[in-house]
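Biologist: I am new to this structure and would like to go through it with you, one question after another. Could you show me the sequence and the model before we begin?

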Amino acid sequence: MKRFLIALTIALLAVSVAQAQKSIIVSGSVYNSKTKKPILYATIQLEGMSLGTITNGKGKFEFLLPVKYKDNTLLFHSLGYEAKKLKIADVKDAKNIRVYL
């Protein structure tokens, strides 16, 4: 029984490490293009999909994105602002995206 639990634990750790390697972190901030102030609770999503997140109370966002979507386009939008699209492959640093709406 003890060997079984050890083997199960090792297998679960291996699966979680493999999953982590199949994802990328996309993070950054969304700002008002006129005032340069953060936009709170703006929506960020993969274009045409329901996968995404919102900015926090400081205009920052972060989410884990499956690598298979690395060539897709992010759509940034918020009420009262014109939406903006950004192709993930065109971003130099996916962990520090700055978008101005």
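**Strands, pairs and core**

Modeller: Threonine 43 stands opposite isoleucine 54 in β3. The model is a predicted one, in which local features need pLDDT of at least 70 and side-chain atom pairs count only at pLDDT 80 or more, while totals for chains, interfaces and linings use all residues. Residues are numbered from 1 along each chain as its sequence is written, and side-chain values use heavy atoms, with hydrogens and water left out.

Biologist: Over how many bridges do β2 and β3 pair?

Modeller: Strands here are DSSP runs of E with at least two residues, numbered from the N terminus, and two of them pair if DSSP finds at least two bridges between them. For β2 and β3 the sense of the pairing is antiparallel, and the number of bridges is 3.

Biologist: What is the order of the strands in the open sheet, and which strands stand at its edges?

Modeller: The open sheet has 4 strands with antiparallel pairing, in the order β3-β2-β5-β6. Two of these strands have a single partner each, so one side of each is left without a neighbour in the sheet, and these edge strands are β3 (52-54) and β6 (84-87).

Biologist: Which residue in β4 stands opposite serine 27?

Modeller: β1 and β4 run antiparallel and are joined by 7 bridges. Within β4, the residue that stands opposite serine 27 is glutamate 62.

Biologist: Which residues of β4 point to the buried face?

Modeller: Buried means under 20% relative accessible area, exposed means over 50%, and partly exposed is in between, with a 1.4 Å probe and protein chains only. The side chains alternate along β4, where Lys60, Glu62, Leu64 and Pro66 point to one face and are not buried, whereas those that point to the other face and are buried are Phe61, Phe63 and Leu65.

Biologist: Which element gives the most to the largest nonpolar core?

Modeller: A nonpolar core is a set of buried Ala, Val, Leu, Ile, Met, Phe, Trp, Tyr and Cys residues joined through side-chain atoms within 4.5 Å. The largest such core has 17 residues, and Val30, Phe61, Leu74, Phe76 and Ile97 are those with the most contacts inside it. Two or more residues come from each of β1, β2, β4, β5 and β7, and the element that gives the most, with 3 residues, is β4.

Biologist: What is the angle between the planes of phenylalanine 61 and phenylalanine 76?

Modeller: Rings of Phe, Tyr and Trp (its six-membered ring) pair if their centres lie within 6.5 Å, and planes under 30 degrees apart count as stacked, over 60 as edge-to-face and the rest as tilted. Phenylalanine 61 is buried at a relative accessible area of 5%, and phenylalanine 76 is buried at 0%. Their rings form an edge-to-face pair, 5.9 Å centre to centre, and the angle between the planes is 65 degrees.

Biologist: How many residues apart in sequence are tyrosine 31 and tyrosine 100?

Modeller: These two tyrosines form a stacked aromatic pair, with 5.2 Å centre to centre and 25 degrees between the planes. Tyrosine 31 is buried at 12% relative accessibility, while tyrosine 100 is partly exposed at 34%. The pair links distant parts of the chain, with tyrosine 31 in strand β1 and tyrosine 100 in strand β7 (residues 97-100), and the separation is 69 residues.

Biologist: Which residue forms a salt bridge with glutamate 47?

Modeller: A salt bridge is a side-chain nitrogen of Lys or Arg within 4 Å of a carboxyl oxygen of Asp or Glu, and a search of the whole structure finds 1. Glutamate 47 is partly exposed, with a relative accessible area of 33%, and lies in the loop between β2 and β3, whereas its partner lies in strand β6, so the pair ties together parts that are 38 residues apart in sequence. The closest N and O atoms are 2.6 Å apart, and the partner is lysine 85.

Biologist: Which residues does proline 38 touch, not counting residues up to four places away in sequence?

Modeller: Proline 38 is found in the loop between β1 (23-31) and β2 (43-46), and counts as partly exposed at 39% relative accessibility. With contact taken as heavy atoms within 4.5 Å, and residues up to four places away in sequence not counted, the residues that proline 38 touches are Val30, Tyr31, Lys58 and Gly59.
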